[in-house]
Protein chains: 2
Amino acid sequence: MGRIACANVLSDIYAMGVTHCDNMLMILASSQKFTPKERDVVMPMLIQGFRDCAAEAGTSVNGGQTVVNPWVTVGGTATAVVRAEDVIMPVNAQVGDVLVLTKPLGTQVVGSVQQWFATNQEKADKVRTVASDEDIDLAYRRAMASMSRLNLTPAKLMHKYDAHAATDVTGFGLFGHADNLVKNQHNPVSFVIDSLPIIAKMAAVGQIFPHFKLLQGHSPETSGGLLISLPKNKAEAYIQELEQLEGIPAWIIGHVEAGDRTVKFVEGIRVIEVPETNSVGKLW
Amino acid sequence: MGRIACANVLSDIYAMGVTHCDNMLMILASSQKFTPKERDVVMPMLIQGFRDCAAEAGTSVNGGQTVVNPWVTVGGTATAVVRAEDVIMPVNAQVGDVLVLTKPLGTQVVGSVQQWFATNQEKADKVRTVASDEDIDLAYRRAMASMSRLNLTPAKLMHKYDAHAATDVTGFGLFGHADNLVKNQHNPVSFVIDSLPIIAKMAAVGQIFPHFKLLQGHSPETSGGLLISLPKNKAEAYIQELEQLEGIPAWIIGHVEAGDRTVKFVEGIRVIEVPETNSVGKLW
């Protein structure tokens with residue numbers, strides 16, 4: 001949880017092509033319902049996870065605030081002082097660009113399914129009509145690995161491959177963040193999205209539980225990937241180098257065309273299972 | 001509430017003598033127990049108060065995070081990029097300095113009493129043995145005014161009057177923050193505190209409800225004043241100019257002597273009623 005929160009916070013600066021962070025603050029709430037022992041076990045783990053992830057990003061946590069709250073909470077801020085030319089402002093998407101996404105979707109669905117398996121027999125059984133217990137276990141581990149992963153390397157490569165604009169995908173879902181991004185572009189463009197990479201088996205779960213609106217891009221993501229507008233002739237190389245460096249693919253999910261600053265999901269949108277087939281013991 | 005949260009956040013940079021803020025973030029939680037109407041009335045007021053206070057401080061709120069939580073929450077961060085020479089590091093207290101406090105104590109006591117008057121007849125009646133309803137009403141308005149007040153002018157004057165070290169007084173109470181400060185000093189000094197300026201009538205309430213530990217300096221303060229170590233021959237002028245500029249006094253509450261980095265409250269510590277006498281219609 002601490003790692004995920006830290007990766008999520010840092011994504012905001014990475015989406016601007018800012019690849020170093022000068023300082024992080026951590027905000028932390030312990031639960032008033034914890035016993036002293038629960039507090040003393042859980043809270044140090046949260047703090048350590050956040051700190052470890054900050055260290056991995058080459059930065060450190062130098063302040064923050066700790067309170068008591070009914071719910072456990074962890075979050076923070078990331079601050080960097082940079083030269084204007086080191087920032088990729090999210091405004092220069094060009095007609096003909098393609099859209100690349102650096103993490104699969106479906107983290108909220110995975111989280112809910114995980115809860116149902118612990119607390120809601122009826123819903124768990126419904127999930128089992130489309131996914132085995134092993135599938136769900138793998139999906140959970142994939143979601144944890146994905147959410148914990150920094151968007152640092154994707155941000156670094158944005159400079160090398162001349163990215164025109166980017167955002168990170170979190171609480172508003174893919175559609176919401178794409179919509180925010182397209183509305184901010186200098187050129188009158190639209191985003192056309194034709195593919196949705198989704199953590200394996202979660203598309204099927206999303207179809208039998210349509211309230212997630214996963215296939216419509218409205219399911220919130222936690223610490224999701226970067227959505228990047230790249231020149232078409234550089235996108236393949238961007239994806240190849242990212243996979244070489246991190247061992248995990250990214251995907252071209254659409255393109256940029258002239259338009260009125262809207263996001264269109266094509267009819268019969270293609271679902272990319274991530275990875276293509278589940279195999280126990282192999283995460284990606 | 002929004003104003004108070006913003007003033008409280010900014011105090012952290014003011015305590016370092018940093019008098020401009022480049023950017024603020026606001027963190028906001030709406031309560032899951034709110035009706036839509038309650039949310040739509042309360043949350044905009046919180047946001048407006050925070051923004052108004054930021055504007056008064058010459059800065060603005062350019063981001064943040066909004067979530068849902070059982071409790072309403074408001075807070076934030078303040079970031080400033082400054083030259084090293086513009087920072088008054090909190091480490092140079094000198095033997096012979098005096099300690100100045102820029103706001104009276106007692107905000108937690110006021111807040112509790114206010115709640116009791118609404119929800120706890122028995123405790124309210126006990127309060128009434130030492131303070132009238134008018135006293136409590138005045139104390140509440142004083143606390144609100146004090147907590148909403150920026151520590152900006154006190155911070156500016158720290159440079160003019162050569163402050164050696166400062167901290168803001170918040171959740172750890174006067175004693176806790178003084179203790180943190182004294183432990184950070186380059187010189188082996190101790191802080192001797194002989195006077196406690198307290199919002200009028202709250203010392204009496206603190207005496208009949210000793211769990212507050214108000215007279216021991218352990219009662220948490222919200223958006224409290226700056227505790228400043230100043231050269232003795234400059235402190236009076238500091239206080240005079242602050243009162244001229246803001247219409248509200250500050251107080252010499254102790255001094256710095258050679259020691260082992262501890263805080264001592266003298267026996268029979270003097271309570272300063274703030275203001276000296278209550279008079280309805282006059283806040284300070």
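These are my notebook entries on a predicted model, covering its two copies, the domains of chain A and one helix.

**Ground rules.** I number residues from 1 along each chain as its sequence is written, and chains are lettered from A in the order in which they are written. Local features need pLDDT of at least 70, side-chain atom pairs count only at pLDDT 80 or more, totals for chains, interfaces and linings use all residues, and hydrogens and water are left out of side-chain values, which use heavy atoms.

**Two copies.** I laid chain A on chain B by least squares on the C-alpha atoms of residues with pLDDT of at least 70 in both. The RMSD is 0.0 Å, after a turn of 180 degrees and a shift of 0.0 Å along the axis. The copies are therefore related as by a two-fold rotation axis. In chain A, A:P70 has the C-alpha nearest that axis, at 3.3 Å.

**Domains.** I looked up the division of chain A, taken from an automatic or database domain assignment. Domain 1 spans 2-86 and domain 2 spans 98-274. Their C-alpha centres lie 23 Å apart. I found 15 residues of domain 1 in contact (heavy atoms within 4.5 Å) with 19 residues of domain 2.

**Helix α9.** I took helices as DSSP runs of H or I, at least four residues, and strands as runs of E, at least two, numbered from the N terminus. Helix α9 of chain A covers residues 232-246. Its buried residues (under 20% relative accessible area, 1.4 Å probe, protein chains only) include A:Y238 and A:L242. Among the elements covering the buried residues of α9 are β4 and α6 of chain A. Just after α9, A:G247 takes a positive phi of about 75 degrees.

Technical notes
The expected span of a helix is 1.5 Å times one less than its number of residues. Buried means under 20% relative accessible area, exposed over 50%, partly exposed in between (1.4 Å probe, protein chains only).
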